[in-house]
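Dear colleague,

I am passing the structure below on to you, and I would be grateful if you could look through it with the notes that follow.

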Amino acid sequence: MEHKQWNRRQWIQTTGAAGASLVAGAWPLGAQAQSPITIGVIYVGPRDDYGYNQAHAEATAKLKKMPGIKVVEEENVPETQAVQKTMQGMISQDGATLLFPTSFGYFDPHMIAIAGKNPNVRFSHCGGLWTAGKHPTNTGSYFGYIDEGQYLNGVIAGHMSKSKKIGFVAAKPIPQVLRNINAFTLGARSVDPKITTTVIFTGDWSMPVKEAEATNSLADQGVDVFTMHVDGPKVVIETAAKRGKFVCGYHANQSKLAPAAYLTGAEWNWSSAMNSIIDAARTGKPHPNFVRGGLKAGFIKPSPYGSMVPEAARKNADAIKAKMVADQFDIFAGELKDNTGKVVIPRGQAFKQTAIELESMNYLIEGVIGKI
Amino acid sequence: MNDIVLPVLWAVLGGAIRVGTPFLFVSLGECLTEQSGRINLGLEGVLVLSSMAAFGGAYLSGSAWAGVALAMVAGALLAGVHGVLCGLRRVNDIAMGIAVMMLGTGLAFYLGKPLIQPQAPTLQPIVLGGASSSAQLQAALSINPLFPIGVVIALALAWLLANTRWGLIVRMVGDSSDAARAQGISVNRVRTSTTMAGGAIAGLGGASLTLFYPGSWNELLSSGQGLIAIALVIFARWRPLACLWASLLFGGAGALGPALQSVGINSAYYLFNAVPYALTLLILILACTPHRRLQGAPSELSVQR
């Protein structure tokens with residue numbers, strides 16, 4: 001697993017040579033439409049975790065089948081100095097010219113540091129962190145509006161909950177997670193405004209024992225529909241199912257794990273995002289720094305409904321989904337208060353999904369029991 | 001007030017057993033090993049490998065108890081590597097333990113790749129709270145079937161070490177290998193067998209992780225629980241029964257964070273989540289007095305020399 005330690009001199013030699021050949025070869029290569037490319041994909045956990053990493057690995061598996069693309073992968077890379085070594089190793093040893101460091105914590109300082117040292121390599125980070133003017137142009141971020149999926153999860157949860165208490169097991173209070181919690185709650189409260197969401201933060205992306213404990217504690221409190229934002233939803237789904245509760249999935253389709261409990265889910269579909277970034281790299285176009293998309297662009301998709309979801313709930317959710325695809329639906333629209341009573345979106349204002357303000361969300365809305 | 005105190009109390013009590021059971025087995029295994037004068041840091045690796053083996057065994061055979069048996073065998077074998085190699089001359093058991101820990105986790109990750117996705121049969125809980133009307137109480141009293149086994153092992157170890165010839169030999173080897181040799185006892189043989197037995201006991205902790213709670217195999221499943229359990233042995237002053245209480249205390253501490261958040265007490269949850277680790281630190285600080293030997297520590301332990 002460990003890459004050989006690179007030394008500065010050797011590295012200057014190799015990248016210098018690579019840079020020179022790039023400049024020399026720029027003319028003839030520029031005329032070619034699709035040049036061969038080596039792509040590095042880095043995962044924070046195992047590739048088959050039924051979750052975040054699996055969603056990326058599924059898209060990567062499709063890339064491998066495409067002609068002219070060579071893929072190098074490394075899994076279980078922590079969000080520390082280790083990822084810098086991995087990135088540099090992929091660049092120096094495997095000749096990767098486009099990297100997908102997929103975990104949130106890889107961005108700053110790790111990816112930014114390596115990107116500064118390798119101006120000819122393109123970096124696409126999964127998450128919403130890239131800011132124009134602040135970060136180098138050979139880096140960028142791509143992400144999907146999966147809160148649309150979580151809103152639909154919430155609508156179904158709102159129809160299915162008898163106790164009017166629903167639960168959210170979350171890893172860390174970062175904007176993307178908060179946006180999902182809020183969207184899930186808004187979806188459920190669109191069905192019944194009395195519903196509350198209790199959120200538990202476990203503190204890290206993969207804490208199997210703590211996730212199980214969080215699910216049990218919520219079930220003890222009468223929560224009867226669960227969803228989550230952790231890297232591997234398997235534990236929450238199995239634990240909720242064992243307690244006889246319903247669950248909405250996240251990241252990938254987990255219905256096989258608990259067919260009797262799985263209502264629906266918010267799934268990623270990374271292929272289209274990754275392909276647009278790869279095409280730009282292969283044709284020499286500028287690096288797409290800001291790639292976003294939701295249901296409409298096919299970046300995300302809902303899981304098929306479980307057999308226990310009644311017709312009325314399906315119709316309601318499908319109608320909202322159709323509006324989302326037609327760009328006629330705003331999840332975050334005023335007047336919206338946070339759970340301390342402060343107005344966060346004033347009356348009359350509505351944010352489109354593309355609104356950059358939503359990517360720095362730092363509040364939990366009314367109806368969420370929890371604190372950042 | 002009752003809305004908050006009682007649920008948290010039940011969650012912590014239930015959590016003490018749910019979360020504490022792996023700690024119990026690993027600390028009992030380490031306790032036995034250290035009583036014979038050897039440290040096995042490799043038990044973290046044993047925990048990871050045996051949890052993978054338990055899941056694999058249950059998945060392939062269709063029986064959770066077959067998984068439990070396989071976990072014990074895997075644990076004993078990996079600990080056996082440590083036991084045999086530490087018997088060689090000039091092998092440091094701390095360094096060896098770290099090597100065994102890495103070997104165990106590496107092997108488990110490698111062999112466990114195809115086991116992340118599937119589901120295996122899990123152990124059925126012993127339901128004690130069936131008569132209670134409270135769902136919380138019922139959940140807290142759905143007990144891990146391995147937990148009573150752990151209690152029996154703790155009691156048995158305590159009695160055997162204190163009252164039998166076997167226990168006397170183990171303690172003598174742990175306190176003075178010279179005395180043991182003078183008695184004609186093979187120090188290496190005793191230590192290797194206690195290390196292996198300790199590995200088998202720790203293997204039960206692995207089985208508890210993958211076959212009961214949380215109940216599936218994942219590479220981040222242990223996240224250092226084995227190491228915490230080893231530190232618990234020092235806290236428990238090498239007494240098996242104290243290992244039981246210490247494990248329950250740590251399990252309860254681990255359950256405190258989520259339980260408080262679920263009832264709406266959510267300020268400073270980072271602090272509550274850190275309670276088990278803060279406890280470990282505190283114990284280590286309290287345990288290291290420069291002036292005297294730790295009470296109850298076998299004098300052959302290399303930390304003591």
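In this predicted model, H2(B) and H4(B) pack against each other at an angle of about 20 degrees, with their axes 7 Å apart; since angles under 35 degrees count as roughly parallel, these two helices are therefore roughly parallel to each other. The crossing in which H2(B) passes H4(B) is left-handed. On the side of H2(B), the contact is made by B:Glu44, B:Gly45, B:Val48, B:Leu49 and B:Met52, while H4(B) brings to it B:Val100, B:Met101, B:Gly104, B:Thr105, B:Leu107, B:Ala108, B:Phe109, B:Leu111 and B:Gly112. Sorted by class, the residues of this contact comprise 9 nonpolar, 4 polar and 1 charged.

The same two helices come up again when one turns to the largest pocket, since H2 (43–61) and H4 (93–112) of chain B each supply at least two residues of its lining, as do strand S2 (69–74) and helix H3 (81–92) of chain A. The largest share of that lining, 5 residues, comes from H4(B). The space in the largest pocket amounts to about 1,200 Å³, and of the 40 residues that line the pocket, those closest to its centre are A:Asn76, A:Val77 and A:Pro78 from chain A, together with B:Phe109 and B:Leu220 from chain B. You may wish to note that B:Phe109, one of these central residues, is also one of the H4(B) residues in the contact with H2(B). As to its character, the lining of the largest pocket is made up of 13 nonpolar, 13 polar and 14 charged residues.

Some points of backbone geometry in chain A may also deserve your attention when you go through the model. A:Asp108 and A:Pro109 are joined by a cis peptide bond, for which omega is about 5 degrees, and A:Pro109 lies within helix H4 of chain A, which covers residues 107–117. A cis peptide bond is likewise found between A:Gly334 and A:Glu335, with omega about -5 degrees; here A:Glu335 belongs to the loop that runs between strand S13 (332–333) and strand S14 (336–337) of chain A. Finally, A:His251, a residue other than glycine, has a positive phi, near 75 degrees, and this histidine is located in strand S9 of chain A, which comprises residues 246–251.

With kind regards

Technical notes:
Residues are numbered from 1 along each chain as its sequence is written. Chains are lettered from A and ligands numbered from 1 in the order in which they are written. This is a predicted model: local features need pLDDT of at least 70, side-chain atom pairs count only at pLDDT 80 or more; totals for chains, interfaces and linings use all residues. Side-chain values use heavy atoms; hydrogens and water are left out. On a 1 Å grid over the protein atoms alone, a cavity is a set of points where a 1.4 Å probe fits but cannot get out, and a pocket is an open set with protein on both sides within 12 Å along at least five of seven lines; lining residues have an atom within 4 Å of a point. Grid points are joined across faces, edges and corners, and a volume is the space filled by probe spheres set on the points. Helices (H or I, at least four residues) and strands (E, at least two) are DSSP runs, numbered from the N terminus. Ala, Val, Leu, Ile, Met, Phe, Trp, Tyr, Cys and Pro count as nonpolar, Asp, Glu, Lys and Arg as charged, and the others, Gly among them, as polar. Axes are lines fitted to C-alpha atoms, for helices over the stretch in contact, and angles run from 0 to 180 degrees between N-to-C directions. Angles under 35 degrees count as roughly parallel, over 145 as roughly antiparallel, 65 to 115 as roughly perpendicular and the rest as oblique. A crossing is left-handed if the near helix is turned anticlockwise from the far one by less than a right angle, and right-handed if clockwise. Contact means heavy atoms within 4.5 Å.
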